[in-house]
Amino acid sequence: MASSPTVLMRLMASAYSVAHRAGTIVRNVMAGGDLGIVEKCGPNDLQTKADRLVQMSICTSLARKFPRVTIIGEEDLPSHDVDEELIEDGQCEEILKKAFPPQYSSIKEEELVVWVDPLDGTKEYTEGLLDHVTVLIGIAYEGKAIAGVINQPFYNYEAGADAVLGRTIWGVLGLGAFGFQLKEVPAGKHIITTTRSHSSKLVNDCISAMNPDNVVRVGGAGNKIIQLIEGKASAYVFASPGCKKWDTCAPEAILHAVGGKLTDIHGNPFHYNKEVKHMNSAGVLATLRNFDYYASRVPESVKQALVP
């Protein structure tokens with residue numbers, strides 16, 4: 001008889017179902033027409049009704065099942081009763097059948113931290129660039145991103161009226177990543193994906209120093225990591241503060257699960273303990289392969305300007 005699922009298995013199986021529900025909420029808000037947009041810190045830092053509803057859905061759904069897990073969400077929301085329609089109590093049976101790495105079998109609830117970005121790529125969402133939008137649920141243990149779920153609510157949205165919208169990608173360090181076809185950029189090609197709405201001289205100087213064949217400017221950290229694992233870009237380069245832990249935790253876990261690497265611009269790993277500062281103040285550098293090629297080309301002037 002199979003042993004009962006571990007805490008991490010159950011949390012991942014729930015996070016998958018919760019992320020799937022979140023994708024439906026994101027699509028429903030868009031279909032309703034009223035996005036409920038408010039500016040947080042300026043025109044490039046927006047919050048919508050979807051951000052608010054999805055965070056309530058994810059955080060409350062997971063907290064009910066895993067009351068001792070620390071859950072940190074992007075949005076600063078007042079605490080009030082959450083509509084039961086937002087609650088997802090299902091779990092992905094496929095995940096519960098997987099053989100999780102034995103080193104995670106004794107993890108306790110209180111040792112896990114969940115980082116939630118309810119709508120990564122909010123600005124793009126408000127502008128109708130729907131393929132940029134993701135929902136991110138990252139799971140950290142001992143400060144390290146070990147598991148993640150990325151839901152892409154509008155995946156396939158340009159494939160016609162009969163297309164099934166949305167997909168959920170997930171991964172666990174030591175197990176692998178699922179829900180997509182792993183592909184690499186052709187050998188010798190250097191395609192950089194970077195920010196669409198937060199560019200600067202520093203960002204552009206860093207990219208230029210890497211002598212890329214092509215630069216793809218898109219929204220959302222989750223979206224950029226999907227580009228890396230699906231062979232549309234070879235490096236994600238963001239030489240600027242601005243990214244937060246909830247932007248990188250889930251994408252990092254999935255990228256690392258397939259042998260990639262995500263760090264700050266100096267090559268330092270991120271830490272995801274519940275006490276850490278939320279800002280990734282020294283930027284982001286990520287690749288599926290050939291990390292050292294890109295890391296070695298980051299200019300000293302950029303490193304000096306970005307203090308961890």
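Leaving aside its neighbours within four places in sequence, with which residues is V237 in contact? In this predicted model, the residues that V237 touches beyond that sequence window are I192, T193, T194, C206, I207, M210, I265, V284 and L285.

**Nonpolar cores**

V237 belongs to the largest nonpolar core, which has 51 residues. Together with Y236 and I265, V237 touches the most other members of that core. Helix α7, residues 245-257, supplies the largest share of this core, with seven residues. Apart from this core lies another one, of 49 residues, and A19, A50, Y104 and Y125 are among its members. As a general point, nonpolar side chains in soluble globular proteins tend to be buried together.

**Helix α7**

Helix α7 has 13 residues, and the distance from its first C-alpha to its last is 18 Å, close to the 18 Å expected at 1.5 Å a residue. Because 12 of its 13 residues are buried, α7 is largely enclosed by the rest of the structure. The buried positions include K245, D247 and E252 as well as W246, I254 and L255. Just after α7, G259 takes a positive phi of about 90°.

**Aromatic pairs**

Across the whole structure there are six aromatic pairs. Two of them, which have Y272 in common, are set out below.

| Pair | Centre to centre | Angle between planes | Arrangement |
|---|---|---|---|
| W115 and Y272 | 6.4 Å | 70° | edge-to-face |
| F270 and Y272 | 6.5 Å | 65° | edge-to-face |

The pair of W115 and Y272 links distant parts of the chain, with the two positions 157 residues apart in sequence. W115 lies in strand β4 (residues 112-120), whereas Y272 is in the loop between β12 (261-263) and β13 (284-287).

Are W115 and Y272 buried or exposed? Both are buried. Y272 has 0% relative accessibility and therefore counts as buried, the cut-off being under 20%. F270, at 9% relative accessibility, also counts as buried.

Ring pairs join W115, W246, F270 and Y272 into a cluster. One of these residues, W246, is also among the buried residues of α7.

**Charges over rings**

Two arginine side chains are placed over tyrosine rings. The charged end of R167 sits over the ring of Y155, at 3.9 Å from the ring centre. The charged end of R297 sits over the ring of Y293, and here the distance to the ring centre is 3.7 Å.

Methods
Residues are numbered from 1 along each chain as its sequence is written. This is a predicted model: local features need pLDDT of at least 70, side-chain atom pairs count only at pLDDT 80 or more; totals for chains, interfaces and linings use all residues. Side-chain values use heavy atoms; hydrogens and water are left out. Rings of Phe, Tyr and Trp (its six-membered ring) pair if their centres lie within 6.5 Å; planes under 30 degrees apart count as stacked, over 60 as edge-to-face and the rest as tilted. Helices (H or I, at least four residues) and strands (E, at least two) are DSSP runs, numbered from the N terminus. Buried means under 20% relative accessible area, exposed over 50%, partly exposed in between (1.4 Å probe, protein chains only). A charge sits over a ring if NZ of Lys or CZ of Arg is within 6 Å of the ring centre and within 35 degrees of the ring normal. A nonpolar core is a set of buried Ala, Val, Leu, Ile, Met, Phe, Trp, Tyr and Cys residues joined through side-chain atoms within 4.5 Å. Contact means heavy atoms within 4.5 Å. The expected span of a helix is 1.5 Å times one less than its number of residues.
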